[in-house]
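Student: Could we go through this structure together? I'd like to see how the labels follow from the numbers.

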Amino acid sequence: MSDDDGGIVPYVAFLIMVAAGILLSIFPMPLEYAALRPQWLCLIIIYWAINSPFKFGVVGAWFVGMFADIVFGSVWGGHAAALSLVAYLCLITYQRVRRHPMWQQTLWVFMLVAIHQTVVNWFEGLNGYSQQAHHYLISIIISALFWPVMTLLCSVLRRRYRFH
Amino acid sequence: MALVYLYTDVFAPLKNKATDIASPFYSVTHFPKTVSLWFSDRFTSKARLHQENKALKTELLIHQKQLQSMASLVAENIRLRELLNSSKTLDDRVLIAELIGVTPNPLEHKVIINRGSNDGAYIGQPVLDAMGLMGQVVHVGDSSAQVLLITDSTHALPVQLNRTSERFVAEGVGNLNELVLRYVPNTTDIQVGDMLVSSGLGQRFPKGYPVAMVSEIKRDQSKPFVRVVATPKARLNRSRYVLLVFDTAPDAPAIGGAQFE
């Protein structure tokens, strides 16, 4: 990565996206649809880990996850551990994933979000709130389907402000 | 990753601070609702406002009449209790709070209210809405608090059958419309439509507040216990304003008061 990589802009953009992700995740929704929400934070971490692996890695994902745990009121360390694991998996495979066609990337994102949800479910189980896997399957599918949309939006933003 | 015991250990003061960190986000997501309510308030027709005004005045008159008859009942109750040498009843002071958010986990029934320790809220404080008991405060920040609802799967509430004064424990099962009574013997006199009120045992919830109405009884003679399902009276998924009840401690402990006089 060269020196001309945008300075502070990527960090600001990352923080803004994380804040937007958290707001979207807690936006009040009718109870039937609440379980179908896409996992915005997971998608954001995957995107940044794949596209800027030298800036945002496991530690960044851990802090984002801790912050999410505090806001969501879930077991502390649940989302942190899940997002760190997902970020780690992205970091060791980003070179391949970047070159995949979009449908293959979507499948890969599906797997990553599934892992994220499973880990969060394990941690929530410590609190007595675990649920069976098929209940959050649709949420994972919807998250994966949002991936192309997100990539498109983010690459448009990147080209406009020209940062890595 | 070994933050597993981050939760089960000594992080209590941090948890209260966490409520403060989380509340701005909930306030932001609550903002569109506030705006839409403000709009609907400003743009109602004058005729509708007149109608609403009249209906509210009539309702107020009815409630005032009921309050008058209650005042004499309260006085009589106090006199009778003094005659029987029992402990005094609690004097309840209430504080109105607004619901500003719901935690996103659909299994966890926790809501955020806009009152915190600055307004006097404390951990364990009972929360009611207009129709019945709603839950208790579990984490308190400076200006917001988290309230665990009675239908959360980890919550249990001592209740009493209004008709027969028999005591049970009502547990939540993760469904907003259901409370389950466990360990109800097969021979219990309980019917669909019976009212369950809080029994005051456990010193958490004040005595006598409506909790739920029995909606289903499944008797199975082969099993020792009956499965009783009750519907909570409080509108857990619709209430906007809730009441925080302040319990002032009784003058003498309930159990030992009569003996030590």
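Tutor: Sure, let's start with Tyr183(B), which counts as exposed at 59% relative accessibility. Keep in mind that this is a predicted model, where local features need pLDDT of at least 70 and side-chain atom pairs count only at pLDDT 80 or more, while totals for chains, interfaces and linings use all residues. Residues are numbered from 1 along each chain as its sequence is written, chains are lettered from A and ligands numbered from 1 in the order in which they are written, and side-chain values use heavy atoms, with hydrogens and water left out.

Student: Why does Tyr183(B) count as exposed?

Tutor: Exposed means over 50% relative accessible area, buried under 20%, and partly exposed in between (1.4 Å probe, protein chains only). Tyr183(B) has 59%, so exposed it is.

Student: And what makes Ser165(B) partly exposed?

Tutor: Its relative accessible area is 42%, so Ser165(B) falls in between those cut-offs. Ser165(B) also has a positive phi of about 60° although it is not a glycine.

Student: Why are Tyr47(A) and Trp48(A) called an edge-to-face pair?

Tutor: Rings of Phe, Tyr and Trp (its six-membered ring) pair if their centres lie within 6.5 Å; planes over 60 degrees apart count as edge-to-face, under 30 as stacked and the rest as tilted. Here the centres are 6.0 Å apart with 90° between the planes, so the pair is edge-to-face.

Student: Are those two residues buried or exposed?

Tutor: Tyr47(A) is buried at 2% relative accessibility, and Trp48(A) is buried with a relative accessible area of 2%.
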